[in-house]
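Please look through the sequence and the model with an eye to how the strands are arranged, and then to the surroundings of individual side chains.

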Amino acid sequence: MHIFRVMIDDDLKKGEGMRNFENKNFEFRKDEDGIQPGDTLKLEEYVVGNYPPLSSHYTGRMIERTVKYVFRDAASYGLPEGYCVIGF
């Protein structure tokens with residue numbers, strides 16, 4: 001199992017951010033964890049406040065997702081080198 005911190009902006013948390021976290025279907029991140037289809041990810045919600053580090057914190061909310069695909073090495077589609085899109 002891989003554990004990722006998922007950052008939510010403080011302003012989003014007041015509105016759509018909470019629902020978006022639960023319905024998250026993909027993650028764009030640096031390709032450094034060797035993620036493969038079938039892996040399980042534990043996503044922990046982390047709120048980035050307007051005045052870090054005082055207002056930035058983990059919310060305690062967590063979801064688990066199973067990886068369906070990993071999109072990498074696709075510069076021709078605009079994906080920066082060294083990054084990937086992980087789909088659940």
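The paragraphs below start with a sheet and then turn to single residues.

This is a predicted model, in which local features need pLDDT of at least 70 and side-chain atom pairs count only at pLDDT 80 or more, while totals for chains, interfaces and linings use all residues. Residues are numbered from 1 along each chain as its sequence is written, and side-chain values use heavy atoms, with hydrogens and water left out.

Three strands (DSSP runs of at least two residues, numbered from the N terminus) form an open sheet in the order E2-E6-E5, with antiparallel pairing, where two strands pair if DSSP finds at least two bridges between them. E2 and E5 (69-72) stand at the edges with a single partner strand each, so one side of each has no neighbour in the sheet. E5 and E6 (residues 83-87) are joined in the antiparallel sense over four bridges, and among these strands' residues Tyr69 has Gly87 in E6 as its bridge partner.

Within E2 (residues 26-30) lies Glu27, which is buried, with a relative accessible area of 8% (buried means under 20%, with a 1.4 Å probe and protein chains only). Leaving aside residues up to four places away in sequence, Glu27 touches Val6, Cys84, Val85, Ile86 and Phe88, where contact means heavy atoms within 4.5 Å.

Leu41, in strand E3 (residues 40-48), is also buried, with a relative accessible area of 0%. Leu41 and Ile86 are 45 residues apart in sequence, and their C-alpha atoms are 9.9 Å apart in space.

Note on methods
Buried < 20%, exposed > 50% of the residue type's maximum accessible area, 1.4 Å probe, protein only.
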